[in-house]
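Colleague: I have a few questions about this model. Keep the answers short, please.

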Protein chains: 2
Amino acid sequence: MPQPLYVVKIGGNVIDNAEACTRFLKSFAGLAAKSILVHGGGKVATQMASRLQIETQMVDGRRITDKAMLDVVTMVYGGLVNKNLVAQLQSYGCNAIGLTGADGGIIRSVKRPVKTIDYGYVGDIEEVDDRQIEALLASSLIPVIAPLTYSAEGLLLNTNADTMASATAVAMAQTAEVKLIYCFEKKGVLTDVEDDNSVIASLTPETYAHYLDSGVINKGMIPKLDNAFAALEQGVSQVIICHADELDQAIAGEAGTTLSLV
Amino acid sequence: MPQPLYVVKIGGNVIDNAEACTRFLKSFAGLAAKSILVHGGGKVATQMASRLQIETQMVDGRRITDKAMLDVVTMVYGGLVNKNLVAQLQSYGCNAIGLTGADGGIIRSVKRPVKTIDYGYVGDIEEVDDRQIEALLASSLIPVIAPLTYSAEGLLLNTNADTMASATAVAMAQTAEVKLIYCFEKKGVLTDVEDDNSVIASLTPETYAHYLDSGVINKGMIPKLDNAFAALEQGVSQVIICHADELDQAIAGEAGTTLSLV
């Protein structure tokens, strides 16, 4: 029987709210199983760039990570956000270790090839070193992963946190029973974005197709859900999408949206 | 026979010079023994504070770390500097893992008590978790440690990199044969600061006392040397002070200043 492992992703909106973040970290620190935390960036990087008078580069409506912005996200995600999460978790008795993909070489990527748009210093994940992550977990460490990866050439690369969480979950699913949990500021996948009580309790590929056809699932949620179902197809046992305040209830099946293949 | 371990500290002046830093990292990556790198901050934090219009607080000529400056050093030391060193080392085949004292709880400190001066968010080291560091080394990881520690209350604290290196070396000396190596922009301890060829090849407590009496050792070097001899008295086998370009030669006993008790 493989060991259970939680891969939990916490969104930037929660990071930005000190009280919500503290509530979340306390429940994360109390999880019974082995766990990994992947965090988004939040608004601090944008605010910091603005204070440093670095303009956000946009091409065709897409955000570009130039060298100046890469340095900002390295400072803010890899330093300020990551290390404060780690220090806070340590004070709750959780032996957190803050990492980017470069640390221990855990998540290697390739600088996104230029097709029509040059996204700059953005990484597309190539490989997750599940054995290195397993070695950290075996030392009773709790990895806290910032949304940065690295290339074989030694570049740091800005990387989507949702994708890092699902790639990590898939890699770890080779040897563990992995639950991938996306925590954010909504109560789950909603049929009405205005109504926080319209949570869809469970989704399978069939019911998801039905909701897509009827157009009730919010467009912004579709890439996240496609990604989640892809993770299930690659061996992740369960994906949960829930409010950051309801981590324990969601794991108990009493809150959030649970995705499974059947 | 205990295993050899190198604890190498690299100074801020080397960090600030990209070419010198690259040369150093290549030789560090090639070290045969297990090793730990502790890095200073360099001028980037001061430059960043200036760009963010954060004034350096001084009291009685001493630099104070207020909350705004703590955030800057967390970003710069824990993020920008540390993660770039790690990514570069990874590209040289060195399985580096970037850490602050908070990560894995490796170096815990206490916020410096206020006597006459309130230094702000500055940490005085209380405990190094040598077993946690040993577990990382046993996973073939090379810790790269930024000059930040944490308190039991979950605060990050600005901490002197020289002190972090010596405290780490002393803690590891319980189970390993530790060489503590300070790399900087001079060729060693000099009898004439203007003459880079005036390196003192070796120092013992007796010869050190002699040099102190004759006044030939530069004042700025005295706290570093006192600290180094204290580390030797607490079990570190050897302390070397050398130029960052001469790491290999210094380890071979062909460059720098070697300190020992006899």
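Colleague: Is B:Gln53 buried or exposed?

Modeller: This is a predicted model, so every value here is computed from it. B:Gln53 sits in the loop between helix 3 (44-51) and strand 3 (57-59) of chain B. Exposed means over 50% relative accessible area. B:Gln53 has 73%, so the residue is exposed.

Colleague: What is the phi of B:Gln53 near?

Modeller: The residue is not a glycine, yet its phi is positive. The value for B:Gln53 is near 55°.

Colleague: Where does B:Ser140 lie, and is B:Ser140 buried or exposed?

Modeller: B:Ser140 lies in the loop between helix 5 (130-138) and strand 8 (142-145) of chain B. Its phi is positive, about 65°, although B:Ser140 is not a glycine. The relative accessibility of B:Ser140 is 54%. The cut-off for exposed is over 50%, so B:Ser140 counts as exposed.

Colleague: Turn to B:Val81. Is B:Val81 buried or exposed?

Modeller: B:Val81 belongs to helix 4 (residues 67-91) of chain B. Its relative accessibility is 7%. Buried means under 20%, so B:Val81 counts as buried.

Colleague: Which residues does B:Val81 touch, leaving out those up to four places away in sequence?

Modeller: One partner is B:Ile15, 66 residues apart from B:Val81 in sequence. The C-alpha atoms of B:Val81 and B:Ile15 are 8.0 Å apart. The full list for B:Val81 is B:Ile15, B:His39, B:Gly40, B:Gly41 and B:Val76.

Colleague: And B:Met221, buried or exposed?

Modeller: B:Met221 is in the loop between helix 7 (205-214) and helix 8 (222-233) of chain B. Its relative accessibility is 10%. The limit for buried is under 20%, so B:Met221 counts as buried.

Colleague: How many Å separate the C-alpha atoms of B:Met221 and B:Val189?

Modeller: Beyond four places in sequence, B:Met221 touches B:Phe184, B:Gly188 and B:Val189. B:Val189 is 32 residues apart from B:Met221 along the chain. Their C-alpha atoms are separated by 7.6 Å.

Colleague: Now the whole chain. Why is chain A called as compact as a globular protein of its length?

Modeller: Chain A has 9 helices and 14 strands. For 262 residues, the globule rule gives 18 Å. Chain A is as compact as a globular protein of that length because its radius of gyration is close to that value, at 18 Å.

Colleague: What percentage of the residues in chain A are buried?

Modeller: The C-alpha atoms of chain A fill a box of roughly 45 × 45 × 35 Å along the principal axes. Chain A exposes about 10,900 Å², with 48% supplied by carbon and sulfur atoms. Of the 262 residues, the buried ones make up 56%.

Colleague: How many Å apart are the centres of the positive and negative side chains in chain A?

Modeller: Chain A has 20 positive side chains and 30 negative ones. The centres of the two sets lie apart by 5 Å.

Colleague: What relation links chain A and chain B?

Modeller: Chain A superposes on chain B by a rotation of 180°, with 0.0 Å of shift along the axis and an RMSD of 0.0 Å. That is the relation of a two-fold axis.

Colleague: Which residue of chain A comes closest to the rotation axis?

Modeller: The copies meet through the same surface, because 100% of the interface residues of chain A are also interface residues in chain B. At 1.8 Å by C-alpha, the residue of chain A closest to the rotation axis is A:Gly79.

Definitions and conventions: Residues are numbered from 1 along each chain as its sequence is written. Chains are lettered from A and ligands numbered from 1 in the order in which they are written. This is a predicted model: local features need pLDDT of at least 70, side-chain atom pairs count only at pLDDT 80 or more; totals for chains, interfaces and linings use all residues. Side-chain values use heavy atoms; hydrogens and water are left out. Helices (H or I, at least four residues) and strands (E, at least two) are DSSP runs, numbered from the N terminus. The radius of gyration is taken over C-alpha atoms; the globule rule is 2.2 Å times the number of residues to the power 0.38. Buried means under 20% relative accessible area, exposed over 50%, partly exposed in between (1.4 Å probe, protein chains only). Accessible areas come from the Shrake-Rupley method with a 1.4 Å probe; for residues, only the protein chains shown count as cover. Lys and Arg count as positive and Asp and Glu as negative; His and the chain ends are not counted. The place of a charge is taken as NZ of Lys, CZ of Arg, CG of Asp or CD of Glu. Copies are superposed by least squares on the C-alpha atoms of residues with pLDDT of at least 70 in both. Contact means heavy atoms within 4.5 Å.
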